[in-house]
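Hi there,

Here is the structure I promised to pass on to you. Please open it alongside this email, and my notes follow just below.

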Amino acid sequence: MADLLSVLSGAQSSLAAQRALQATASHNIENANTPGYARQRAEIVTVAPGEMVRGSYVGGGAMVGAITQARDRFLEAQVPQALGAAASSTAESDALSAVHALDPGAAGGLGSALGAFYSGLRAMAQDPTNPSLRAAALGAAQALARSFQGTRGALEDARFGLDQQIAGAAAEATTEAAAVADLNGQIRAARVGGAVPNDLLDLRQTHLDKLAELTGASFVATSDGDVNVALAGGAALVSGTSAGALSAAADPANGGHLALQLTPPGGRASALGVAPGGQLGGALAARDGAIGSAVSSLDGLAANLAGQLNQAHQSGTTPGGAAGGPLFTVSGASGAAASIAVAISDPSQLATVSAPAGAFSNNAQALVATEDALLGGPPGATAEATLSAITSGFGASAERAKSMSDQDAALRDHLSTLRDSVSGVSIDDEMIQMQQAQRGYEAITKVIQVADAMMDTLMKLR
Amino acid sequence: LRVTDRIIFERGTTDIAASRERAESAQRVASTGLRVEAPGDDPAAAGTLAAAPVAEARFRAIGAAASAASDELQAADGALSQIGSSLARARELATQFSSSTYDATGRAGAAAEVDSLLRDVVGQLNTRVGGRYLFSGTADAQKPFDPNTLAFSGSTQQRTVEVAPGVFQPASVAADVAIKGTAGGVDVLATLSQLRDALATGTAATVQSTIGALATSVEQVTAARVQAGVSMNALGAAVTASSTAADSVKSRASHLSDADIVSAATELAFSQTALQASMAATAQGFKLSLVDYLR
């Protein structure tokens with residue numbers, strides 16, 4: 001026969017279980033806005049019957065089984081990759097959309113300067129001894145050189161700005177990696193007692209998400225409960241409780257722009273063999289991809305155009321009879337758009353006189369003819385066509401990056417929503433959970449009250 | 001889908017941000033009137049727009065150069081007209097004084113007039129416009145005719161000017177041909193000089209011997225004027241054609257870069273309405289909570 005004291009004991013255990021329900025709901029509500037938090041559930045289980053009455057077991061109430069988290073491992077495995085891809089394309093798109101040096105309507109743009117330069121030459125070709133026209137042509141040449149320098153300078157400024165972003169992201173990734181390694185240790189220690197440290201798992205997931213955004217890293221869970229972090233190409237950034245470091249150092253082979261270095265856990269720093277993903281990858285792609293390509297093409301245009309003009313200029317003579325020298329100076333093909341300058345300062349040094357047997361009535365016409373000269377590279381690539389190709393090529397990259405950014409962001413948001421749908425806190429759910437716990441608690445107190453009354457009745461028997 | 005509070009708030013944030021971005025973009029297009037501002041807005045159009053100033057400037061410069069060359073040819077034609085008048089007067093004098101009616105004294109008076117005509121012709125041939133000689137070919141700074149020796153020291157190379165990309169048109173009078181007769185004609189200045197000398201010291205017969213050369217001189221100058229007229233016509237056509245081409249480039253660029261005002265205004269109104277709707281819907285979503293009903 002079940003004794004009243006067993007009933008009271010069972011009620012006590014059941015009350016504790018309801019309190020745990022209430023406490024878990026409260027914890028969920030309090031962390032509803034905590035990034036990375038996965039809602040928890042107090043699992044209440046029946047206390048195993050310890051008493052048999054006439055061949056039947058009598059129940060002993062309820063107790064807290066475990067506090068579990070609502071997680072969907074399938075979804076969570078997809079989220080880091082989506083975070084990395086979205087961060088990468090967004091970083092690239094943002095970087096490219098911030099570049100205005102190649103805007104078609106930009107004041108002092110290369111198109112206007114090139115047009116004004118050849119206009120100046122044409123005016124001079126019509127009246128080559130006119131000092132005003134010679135001075136204007138020389139001024140237009142200087143403006144063209146400045147436009148090359150300004151456009152390339154703006155593009156290089158954008159690249160150096162991205163260097164700052166890369167250095168900052170590398171430092172941030174190092175901090176995040178250290179946090180993950182530290183949490184691996186804390187979680188390992190917490191699991192020793194057999195309990196699952198849910199909140200530490202959430203915190204580690206938050207840092208892993210951030211690492212995915214910064215580097216596009218992939219994660220591997222171990223049987224010890226650790227999560228190891230690997231960058232693209234498999235280079236380890238976090239191994240158990242040891243974290244590596246990402247750093248950035250100037251790369252002379254890339255115009256002094258920063259190159260990433262990885263110091264793996266317990267290893268020595270070396271250049272990162274495979275470009276990372278995430279924000280770092282996007283910034284690198286923008287810097288060395290579309291913007292870097294535009295800079296190289298601009299250098300090629302400046303070098304080839306200067307070469308053509310110099311050849312034409314050197315085939316003529318000045319009105320004073322001196323042989324024409326170079327019209328522009330450039331310091332080699334690399335960096336030509338930055339170094340291009342007009343080689344002469346006196347309009348009288350313009351070699352506008354051509355040989356009598358030449359194809360033109362004056363050498364200024366030979367200079368004008370370079371406007372239709374093919375500058376090498378793609379077929380039909382005159383200076384005008386090359387400028388058009390540089391602009392449209394950069395635009396295509398910017399458009400592609402924006403499109404990828406929108407697409408990747410949509411996937412990231414979709415997966416994040418699905419993850420939130422499983423793991424997120426619903427205030428409505430938790431309010432109901434609290435009401436449920438309150439009702440249960442009230443009912444159990446009634447059980448205690450009745451048992452107490454029965455005990456009292458029993459005690460008063462005479 | 002289980003909808004959590006975070007989903008509601010994040011979706012509100014995302015949706016409003018997207019609507020606001022679209023409204024801002026529409027507002028920018030409507031206020032600037034530009035459809036293509038950055039290369040990424042329309043890469044192909046941006047490439048064309050980047051090169052448009054070069055193409056437009058090319059045609060404008062061709063037009064300006066052709067116009068200036070035409071002005072110079074106009075001046076040269078004016079000078080040739082004067083020279084033609086002088087030659088006509090000289091021929092008239094030669095015809096008149098080739099008659100034995102006039103004695104040496106009469107011819108000496110005519111010689112003085114022909115000398116004056118010769119000086120006028122040389123003066124016309126040494127005309128400068130904008131600081132350069134019209135009849136010196138490509139030797140702009142070189143005075144073409146020596147007033148004393150009547151020698152030609154200009155360039156025999158004609159000036160040319162670009163009338164279309166890569167197409168050149170003569171833009172000067174070949175004085176060596178028209179005046180010095182190097183292409184099988186007569187030397188106009190020498191003929192005038194001979195007439196002057198014949199009038200001063202010769203006979204009626206020697207005066208008469210210059211009439212043929214004078215007639216040829218008039219023809220040469222007339223031919224040069226015709227050639228100048230042809231060039232002026234070509235240059236005038238080039239001015240018109242280049243202006244049309246430049247306007248066409250500008251128009252095409254405008255067509256590529258400018259927004260359609262009606263579409264821009266419609267998109268602006270639509271995007272603003274969408275933003276308001278997004279805000280209203282999000283705010284409504286925030287209001288619904290079980291917390292408000294549990295007491």
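In the hairpin that β9(A) and β10(A) form, five residues sit between the strands, and Gly255(A) takes a positive phi near 65°. A word of caution before going on: this is a predicted model. The two strands of the hairpin, β9(A) and β10(A), pair in the antiparallel sense over seven bridges, with β10(A) covering residues 257–263. You can follow the pairing residue by residue: Ala245(A) has Thr263(A) of β10(A) as its bridge partner, and Leu246(A) has Leu262(A).

The hairpin belongs to an open sheet of three strands in chain A, ordered β9-β10-β11 and paired antiparallel. Because β9 (245–251) and β11 (270–271) of chain A are at the edges and have a single partner strand each, one side of each is left without a neighbour in the sheet.

Now to chain A as a whole. It has ten helices and 13 strands. For its 462 residues the globule rule gives 23 Å, but the radius of gyration is 37 Å, well over that value, so chain A is more spread out than a compact globule. Along the principal axes, its C-alpha trace spans about 145 × 45 × 30 Å.

One helix to look at is α4(A), residues 131–191. At 1.5 Å a residue, its 61 residues should span 90 Å, and the end C-alpha atoms are 89 Å apart, which agrees. At the start of α4(A), a side-chain oxygen of Asn130(A) comes to within 2.9 Å of the backbone nitrogen of Ser132(A).

Next, the pockets. Which residues lie nearest the centre of the largest pocket? They are Lys402(A), Glu21(B), Ser25(B), Arg28(B) and Asp41(B), out of 35 that line it. Two or more lining residues come from each of α2 (73–97) and α9 (383–423) of chain A and α1 (5–32) of chain B. The largest pocket holds about 1,100 Å³ of space, and its lining has 13 nonpolar, eight polar and 14 charged residues.

The second largest pocket has a volume of about 770 Å³. It is lined by 28 residues, and those closest to its centre are Ser416(A), Arg419(A), Asp420(A), Arg6(B) and Glu10(B). Here α2, α5 (198–215) and α9 of chain A, together with α1 of chain B, are the elements giving two or more residues to the lining. The largest share, eight residues, comes from α1(B). By class, this lining divides into six nonpolar, nine polar and 13 charged residues.

Finally, the structure holds two cavities of 30 Å³ or more. The largest cavity has about 80 Å³ of space. Its lining draws on both chains, including Arg122(A), Gln365(A), Ile62(B) and Phe168(B). Two or more of the lining residues come from each of α3 (110–126) and α8 (363–369) of chain A, and α2 (43–97) and β3 (160–164) of chain B. The lining of the largest cavity has six nonpolar, three polar and two charged residues.

The second largest cavity has a volume of about 30 Å³. Glu72(B), Leu73(B), Ala76(B), Leu134(B), Arg159(B), Ala171(B), Ser172(B) and Val173(B) line it. Of these, five are nonpolar, one is polar and two are charged.

Enjoy exploring!

Best wishes

Methods:
Residues numbered from 1 in each chain as written. Chains lettered and ligands numbered in written order. Predicted model: local features only at pLDDT ≥ 70, side-chain atom pairs only at ≥ 80, totals over all residues. Heavy atoms only, no water. 1 Å grid on protein atoms, 1.4 Å probe; cavity = no way out; pocket = protein on both sides within 12 Å on 5 of 7 lines; lining within 4 Å. Points joined across faces, edges and corners; volume = space filled by probe spheres on them. Helix = DSSP H or I, 4+ residues; strand = E, 2+ residues; numbered from the N terminus. Nonpolar A, V, L, I, M, F, W, Y, C, P; charged D, E, K, R; others polar. Expected span 1.5 Å × (residues − 1). Polar contact = N/O pair within 3.5 Å; in protein donor to acceptor, adjacent residues only side chain to side chain. Pairing = 2+ DSSP bridges. Rg over C-alpha atoms; globule rule 2.2 N^0.38 Å.
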